[in-house]
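Biologist: Please take a close look at one part of this structure, the packing between helices, and describe it for someone new to it.

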Amino acid sequence: MYKLIYFDARARAEVIRQIFVLANEKFEDIRYTFDEWPQHKQEMPFGQMPVLEIDGQKLAQSFAIARFLAKKFGLAPKCPFEEALVDSIMDQYKDFRDEIRPVYRVIAGFAEGDLDQLTKDVLFPARDKFFGYMTNFLKKNNTGYLVGSSITVADLLLADFSAEFSKKIPNLCDGFPEIKAHYEKVYSNPALKKWIETRPQTNF
């Protein structure tokens, strides 16, 4: 049995959970509260989560876990170049996420700040660049997905961000119809649709 260890939140573990859902693989979804976390921190390879545990072995870092599971469950592209393209999008997403970290911290309640001003000064400039890159991939691929003809980890990352942040910033996808169409297509997958409707409700 796979064990996925994280906080009671979507955040960095949500795409990993969705990989299990897409692959129809069972896993134990272990969710620590912030109060419980300190007593478990030293158990983790890098003192952070998420962590995937398999037969007593632990794998850390969300992207490493996602790549490992995608390959194991047959959700990674078979073509080496397409696999590298997915990796490149994942790395670019990480850069984007780092850029908008101040916005995320306010939305998640970890910091105080003027969300409207941060959206204007931080989120939208970074969004314009990142969504522009992703739109180019979608137009070039012309399948509704970023790479290839089926859902990859790159699609899950983009869909999770654009769909969830749109709930907080309703005009997030304005001017980027391909991005909105993309997350609607990804989440029309029956397994993902059911997961999103029934998953534990958390703030972030």
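Modeller: What follows covers one annotated domain, two helix pairs within the chain and one lysine.

This is a predicted model, in which local features need pLDDT of at least 70 and side-chain atom pairs count only at pLDDT 80 or more, while totals for chains, interfaces and linings use all residues. Residues are numbered from 1 along each chain as its sequence is written, and side-chain values use heavy atoms, with hydrogens and water left out.

The UniProt record, an unreviewed entry, places the feature "domain: GST C-terminal" at residues 79–204; UniProt positions are in the numbering used here, feature names are shortened, and annotations may be inferred rather than shown by experiment. Over residues 79–204 the chain is 71% helix and 0% strand, with the end C-alpha atoms 34 Å apart. Helices (H or I, at least four residues) and strands (E, at least two) are DSSP runs, numbered from the N terminus.

Helix α5 spans residues 115–141 and helix α7 residues 177–186; the two pack at an angle of about 65°, their axes 9 Å apart. Axes are lines fitted to C-alpha atoms, for helices over the stretch in contact, and angles run from 0 to 180 degrees between N-to-C directions. α5 and α7 are therefore roughly perpendicular to each other. Angles under 35 degrees count as roughly parallel, over 145 as roughly antiparallel, 65 to 115 as roughly perpendicular and the rest as oblique. The α5 and α7 crossing is left-handed, meaning that the near helix is turned anticlockwise from the far one by less than a right angle (clockwise would be right-handed).

From α5, F131, M134, T135, L138 and K139 meet E178, I179 and H182 of α7; contact means heavy atoms within 4.5 Å. This contact of α5 with α7 has four nonpolar, two polar and two charged residues. Ala, Val, Leu, Ile, Met, Phe, Trp, Tyr, Cys and Pro count as nonpolar, Asp, Glu, Lys and Arg as charged, and the others, Gly among them, as polar.

α5 also packs with α6, at about 140° and with axes 13 Å apart. That angle makes α5 oblique to α6, and their crossing is left-handed. Here L123, F130, F131 and M134 of α5 meet L158, F161, S162 and F165 of α6. The contact of α5 with α6 divides into seven nonpolar residues, one polar and no charged.

Helix α6 covers residues 153–168 and includes K168. With 37% relative accessibility, K168 counts as partly exposed (buried is under 20% relative accessible area, exposed over 50%, partly exposed in between, with a 1.4 Å probe and protein chains only). K168 touches I107 and N203, leaving aside residues up to four places away in sequence.
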